[in-house]
Amino acid sequence: MSHFTFARTGCLISRPENMPEPGPYYTTLVDMADVAGFPFDYALYFSTDHHKGEGGIYLYVCNGVPTDAANWKSYDQAVAEGNFEYLVQKPMSNPIFLDAVQGNGHTETPHANVIKGTVYMTYHKNGINNSQATLLATSTDGVNFVRIRGDADSVVLSYDPQKDVGDGHTGYFRWCRNPFAGIVEKYVGYSLHGGGDDYHSAIWVSDNAVDWQKAGVFTPIEGFAVEADRMIIWHELDPASVTRLDSGEYVAICGVGNRASGGVARISELYQIYLASDGQTLLRKSCKLLGRGDVGAPDAEELASATTMRIGDAVHLIYVGVTGQGRINTIMGAIGRVDKTSPDSARLPVAEQQCHFYRP
């Protein structure tokens, strides 16, 4: 019943030697063809996973098919082999980026897109207005990143603690060039909106990928278009996967899981969700694409942080698999396709399609 179909290709990247446990987190796959001089086809940015110290953004690079483990190498290896010798200034090893200006603790959850030859990368940090906020850095070479406003406030997702629901957390932002006919702005993205067990999610729009406006807030609801004990995790939606069907509806790959924070065991898997042209209204019952792996598999507990790339007719999927009671993260791959002619799942009643919209 799903338009996307995938087959696993296995482990792509295990925990880098210098990365603290549980390992890689929040992957974002980027086509680097428009970045001048970049010596690889693709970049994969990811971060530490809730590291209590400094954390940081890591870089791996790839020539060829991104779901083939043999094609990936670390930035450290690429530097040692002279691939970035053309850069006069550069980080000598991973992590390549750590924001030491604003906030405290980790620099995590990157998401990146190339705009006119420049890499725009969002990420979040603790300790900003007593919460976690999303900031923006850019790079003209894909390696050296600078905060969008230098030493000034570089937070790009606004939050009013007097008016907004939640505790100020706007991290886990994922965004792309706008694929939705019902949105007029050039870019659209989804973020967390308040942390803890009573969290929400938000949709944002922008015309320049710097100045973002909130277009809506969502309340996660167990059993809404999924199994009774699961809910759609909107800030786990892969923007690059959004596909318009001939009917005018849209399908996208999104994380679905349980309500978990702190020490609660997480369960998350990858689903296809159906959206209207506003990027918010949920039209149909969701379909599972990839469930948890077999006992002992690197993704036996969680599949998260999906990021896709279309090469010809193939859809290359990269995600983070979790096992070992949340102590081991592994970057995994799958390859598949999208078939716009597949049967649609059951349509939700009109009265339910926007029941997740938060209305204070």
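The questions and answers below walk through the cores and charged pairs of this predicted model.

Visitor: Which element gives the most residues to the largest nonpolar core?
Guide: This core has 28 residues, and among those that touch the most other members are Met32, Phe38, Tyr45 and Leu59. Strands S3, S4, S7 and S8 and helix H1 each give two or more residues to the core. The element that gives the most, with four residues, is strand S7.

Visitor: How many residues are in the second, separate core?
Guide: In soluble globular proteins, nonpolar side chains tend to be buried together. Here a second core, separate from the largest one, includes Tyr190, Leu237, Val256 and Tyr271. The number of residues in this second core is 25.

Visitor: Is arginine 284 buried or exposed?
Guide: Arginine 284 sits in the loop between strand S17 and strand S18, and its contacts beyond its sequence neighbours within four places include Ala225, Glu249, Tyr274 and Leu348. Its relative accessible area is 12%. Because a residue under 20% counts as buried, arginine 284 is buried.

Visitor: Which residue has its backbone oxygen 2.8 Å from a polar atom of the side chain of arginine 284?
Guide: Leaving aside neighbours within four places in sequence, the residues in contact with arginine 284 include Asp344, Ser345, Ala346 and Arg347. One of these places its backbone oxygen 2.8 Å from a polar atom of the arginine 284 side chain, and that residue is serine 345.

Visitor: How many residues apart are aspartate 299 and arginine 8, which form a salt bridge?
Guide: The closest N and O atoms of this pair are 2.9 Å apart. Aspartate 299 lies in the loop between S18 and strand S19, while arginine 8 lies in strand S1, so that the pair links distant parts of the chain. Aspartate 299 is buried at 2% relative accessible area, whereas arginine 8 is partly exposed at 37%. Along the sequence, the two are separated by 291 residues.

Visitor: Which residue forms a salt bridge with arginine 347?
Guide: Side chains of opposite charge can pair when their charged atoms come close. Arginine 347, in the segment after strand S21, has a partner in the loop between strand S15 and strand S16, and the pair therefore ties together parts that are 98 residues apart in sequence. Arginine 347 is partly exposed at 46%, whereas its partner is buried, with a relative accessible area of 7%. With the closest N and O atoms 2.7 Å apart, that partner is glutamate 249.

Conventions: Residues numbered from 1 in each chain as written. Predicted model: local features only at pLDDT ≥ 70, side-chain atom pairs only at ≥ 80, totals over all residues. Heavy atoms only, no water. Core = buried A, V, L, I, M, F, W, Y, C linked by side-chain atoms within 4.5 Å. Buried < 20%, exposed > 50% of the residue type's maximum accessible area, 1.4 Å probe, protein only. Polar contact = N/O pair within 3.5 Å; in protein donor to acceptor, adjacent residues only side chain to side chain. Contact = heavy atoms within 4.5 Å. Salt bridge = Lys/Arg side-chain N within 4 Å of Asp/Glu carboxyl O.
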